[in-house]
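Trainee: I've got a model open and would like to talk it through strand by strand. Can we put it on screen and start with the pairing?

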Amino acid sequence: MRRVVLLTLMIATALPSSAQNRVLHANQPAPLEVMVGYTADRANSAPGSCGCFWMQGAKAEASMYFGRGLSLVADLAGVHTSNANASGQNLSLVSYLFGPRYTVRRWGRWMPFAYFLAGGVHGFDAAFPSANGQNINPDAFALAAGGGLNVVLARHVALRAADADYVQTELPNTGSNQQDHLRVAAGIVFRF
């Protein structure tokens, strides 16, 4: 993953100067942006379990620009592992989050951003222990806070070079019913 991000950053900075001039003009705010990409999620284990584990999947995001760097974001991500807690058990999560994002547009084609999102998460492919027994398909509250970097490649295309956030979910488990995740993503942003 690190190699892919470094390679894409090197390619983006190696654009010819005429392309850079077009890109500088293209970093004007787009009313609508849609991102699709890869995501990896490092989740903590239930109390009494061993360590943390990685899940992998896809992420899609739509944002509507309102002015002064502010956008409203809808984020949908799905991740899966077939070896949660080194137990050989499956676990799949789909999160649906919404909220504001602030983007800094002062550095040409380099556009860092930060966001705070809230919504829900749906778990499946696993048994989630609760006070009433086991829940097979729970829905729970989730929130995310983080940021990243878009690199404008052309007027209608940007590279999501980095995206990292802290995600907290409240799925049933044998302890606090709270899970902490580190989620990273990269992808392509289409600007309309």
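**Strands, core and cavity**

Trainee: Which residue in β8 is the bridge partner of proline 112?

Mentor: Before we start, keep in mind that this is a predicted model, where local features need pLDDT of at least 70, side-chain atom pairs count only at pLDDT 80 or more, and totals for chains, interfaces and linings use all residues. Residues are numbered from 1 along each chain as its sequence is written, and side-chain values use heavy atoms, leaving out hydrogens and water. As for vocabulary, helices (H or I, at least four residues) and strands (E, at least two) are DSSP runs numbered from the N terminus, and two strands pair if DSSP finds at least two bridges between them. With that settled, the β8 partner of proline 112 is leucine 149.

Trainee: How many bridges join β5 to β8?

Mentor: β5 covers residues 110-124 and β8 covers residues 139-154. The two run antiparallel, and the number of bridges joining them is 13.

Trainee: Stepping back, what pattern does the protein follow along the sequence?

Mentor: Start with the tally: two helices and 10 strands. Reading along the sequence, the pattern is α-α-β-β-β-β-β-β-β-β-β-β.

Trainee: And what is the order of the strands in the closed barrel?

Mentor: Eight strands make up the closed barrel, and they pair in the antiparallel sense. From one strand to the next, the twist averages 25°, with angles taken from 0 to 180 degrees between N-to-C directions of axes, which are lines fitted to C-alpha atoms (for helices, over the stretch in contact). The order runs β1-β2-β3-β4-β5-β8-β9-β10.

Trainee: Which residue in β10 is the bridge partner of valine 34?

Mentor: Look at strand β1, residues 32-44, which pairs with β10 in the antiparallel sense over 11 bridges. One bridge there takes arginine 42 to leucine 182 in β10. For valine 34, the β10 partner is phenylalanine 190.

Trainee: Which residue in β2 stands opposite threonine 39?

Mentor: β1 also pairs with β2, again in the antiparallel sense, over 13 bridges. Opposite threonine 39 you'll find glycine 57.

Trainee: What about glutamine 168: which residue in β10 stands opposite?

Mentor: β9 and β10 run antiparallel and are joined by 11 bridges. Facing glutamine 168 across that pairing is aspartate 180.

Trainee: Is serine 71 buried or exposed?

Mentor: Serine 71 is found in strand β3, residues 70-84. Beyond its neighbours within four places in sequence, serine 71 is in contact (heavy atoms within 4.5 Å) with Ser63, Met64, Tyr65, Phe66, Gly99, Pro100 and Arg101. Buried means under 20% relative accessible area, exposed over 50%, and partly exposed in between, using a 1.4 Å probe and protein chains only. Serine 71 comes in at 6%, so the label is buried.

Trainee: β3 also holds serine 82. What is its relative accessibility?

Mentor: Leaving aside neighbours within four places, serine 82 is in contact with Gly88, Gln89 and Asn90. Its C-alpha atom lies 8.6 Å from that of serine 92, 10 residues apart along the chain. Serine 82 counts as partly exposed because its relative accessibility is 46%.

Trainee: How far apart in space are cysteine 52 and histidine 181?

Mentor: Cysteine 52 sits in strand β2 and is partly exposed, with a relative accessible area of 41%. In sequence, cysteine 52 and histidine 181 are 129 residues apart, but C-alpha to C-alpha the separation is 9.3 Å.

Trainee: Which strand gives the most residues to the largest nonpolar core?

Mentor: A nonpolar core is a set of buried Ala, Val, Leu, Ile, Met, Phe, Trp, Tyr and Cys residues joined through side-chain atoms within 4.5 Å. Of the 20 residues in the largest one, Phe53, Met55, Leu91, Leu93, Leu117, Val121 and Leu171 touch the most other members. Two or more residues each come from β2, β3, β4, β5 and β8. With four residues, the biggest giver is β5.

Trainee: How much space lies in the largest cavity?

Mentor: On a 1 Å grid over the protein atoms alone, a cavity is a set of points where a 1.4 Å probe fits but cannot get out, and lining residues have an atom within 4 Å of a point. Points are joined across faces, edges and corners, and volume is the space filled by probe spheres set on them. The search finds one cavity of 30 Å³ or more, and the lining of the largest cavity includes Asp41, Leu93, Val121 and His181. Its space is about 100 Å³.

Terms used:
1 Å grid on protein atoms, 1.4 Å probe; cavity = no way out; pocket = protein on both sides within 12 Å on 5 of 7 lines; lining within 4 Å.
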